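I opened my notebook to look through this model, chain by chain. Here is what I looked up.

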Amino acid sequence: MNRKITGILAIVLFVVISSSLITSCRKDDAIDTGNEVLTLEVPTGFPYPNIPDDNQPTKNRIALGKKLFFDPILSRDSTISCGSCHHADKKMTDGLPVSQGIDGRHVLRNAMTVLNTAYQPNMFWDGGSPTLEQQVVAPIESHEEMDFNVLKVVERLKNHPEYPELFLKAYNLDPSPYTLTRAIANFERTLFTGKTKFDQYQYDKDTNALSASEKRGMELFFGERGECFHCHGGFNFTDFSFKNNGLYEVYADSGRARITTLHSDVGKFKVPSLRNVELTAPYMHDGSMATLEEVVDHYSSGGKPHFNKSFLIQPLNLTQQEKTDLINFMKALTDL
Amino acid sequence: MKKNIIIITFILFTSAVVFTGCKKDKDNGPAERSISFHLHTVVGNTVANYTSVFTDATGRSFTLSDCRYYISNIVFIKDDGTELPMTGKVLLANPATMKYEIGNVPVGKYKGFRFIVGLDSVTNHSDPATYPSSSPLSYQNPSMHWGWNSGYIFMILEGKVDSTAAANGTPDYDFFYHIGLDQLKRTIDFSTTAFEVKSYEDMELGIVFDIRKVLNGVNIPQEYFTHTMDNMPVAVKIANNWPIAFEAE
């Protein structure tokens, strides 16, 4: 009897101790996951993006990048943040023809979305910046945007009550141009969009996801009559190329040529994604078109003559019904 | 046995002394010495600064508020023609700094040297954030890098110029020249400027860079700006002046 009790006690003790050990182990794990390299959840049908080895995503890095993205500490007079021109409720655009910097200064071009930016092979309408990390400094130092200097931002971050610890946690380094640009890019790479009626139809094989009009629009879009897909094809509705779409006969903004200095690049701009296009008006690099109707009219007309105009921009002479169908299809590219 | 040990110890000891002695006999000093540029950034006969009023070649007055430029790809050419590239060494020059340490080179005679104003294309398109803060290639304030494209600004020249038609006023009008782009780097050739690195002292090569010559043929009030891509003619004009603006002292 005595022996039995001892035996039972021993078992109970073992269970209690081991379970407490396991619990404490779990607790430790919960604390440590902040620096665990995450696998990002990408939308169905999307490839996994290329991410630089030195900037793999972790909870701590994403959280730091997000805080920085929405913090006006980046601008000279602390009035605007990245989020000022990339609103979450406008699919990371700002609804303005061209964005506004500090003191109401006008930026050269329309704000592009930051969604699915992980797939961009280069940044900006002219592809001037080669990586998401390097891109971060451009709006900080642009006279028309934040009009500041990255070293001064770093100085502010070093003197901030919270940031130094957050940088240490995320990168085991102090605030610096390196960690600042890594953190914001790290957050931006997590911003995906890819769950629309079109995706339900295309990837979930739900044939009822699109209406008859949307399906007719889709046929125009992907057919040789509309030819939209040549540039706006693939999972992100862009081939990431630079094209002159016949917007002007003479371009005030030389576009890609500003980077390459090539005559053959004058008036060429990055083909933008059409995901959420319904919610990202106005359109074109200068925001010169307010509605999708205007955009479709432009492409139907074949645009203006220009020596660099893409051969794909030809008069389509779309009927009113076709235009409506095409716009309905584009609206089926809006996130559900 | 004991005797043997003593003999061996003796031999080892003396030979060690002999070898050490030999080394001392051969060397009259170190085999390498530090080499620097002693670089004067001037306007005509005056060292450039941010307070004086200068005149350009046409007599028009101007002031400077920023004048910085990259020097890189420095190569020393030894007497036998061997080239000694100072790989990775980049200088960010400004008028207030005269001495720029480049590194150590072997003692001996040299035929000359050369360098480029600007950066090679690999360096030019590298990420400034990846350099330590002590590197001239790290982010600067004011910036020497274009965020909107992936390149460095090889030379910044900013100030005010007299904009009166008769050029008889005072500098009142802003000018700014930001010159970059791979194809605008320029080689500065001093390959026949012979010098000797002596074992008993560090070497300083005297060089003068004349901003008046940099602005040769530039009508400053008319051609008052370039970010290179937005005004290529002015950028090319200035870059083409770099080689003639350098002189060995």
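**Chain B and the cores**

I began with burial: 35% of the 249 residues in chain B are buried, meaning that 20 or more other C-beta atoms, placed from the backbone, lie within 10 Å of a residue's own. This is a predicted model, in which local features need pLDDT of at least 70, side-chain atom pairs count only at pLDDT 80 or more, and totals for chains, interfaces and linings use all residues. Residues are numbered from 1 along each chain as its sequence is written, while chains are lettered from A and ligands numbered from 1 in the order in which they are written.

Next I looked up the largest nonpolar core (buried Ala, Val, Leu, Ile, Met, Phe, Trp, Tyr and Cys residues joined through C-beta atoms within 7 Å). It has 93 residues, and Leu180(A), Phe154(B) and Ile179(B) touch the most other members. Strand β4 (residues 61-78) of chain B gives the most to this core, 8 residues; strands here are DSSP E runs of at least two residues, and helices H or I runs of at least four, numbered from the N terminus. Another core, of 19 residues, lies apart from it and includes Phe237(A) and Ile327(A).

**Where the chains meet**

I then checked the interface: 15 residues of chain B are in contact (C-beta atoms, placed from the backbone, within 7 Å) with 21 residues of chain A.

**Fold of chain B**

I noted 4 helices and 15 strands in chain B. Among its contacts between residues at least 6 apart in sequence, 76% join residues at least 24 apart.

Note on methods. Two residues are in contact if their C-beta atoms, placed from the backbone, lie within 7 Å. A residue is buried if 20 or more other C-beta atoms lie within 10 Å of its own, exposed if 12 or fewer, and partly exposed in between; C-beta atoms are placed from the backbone.
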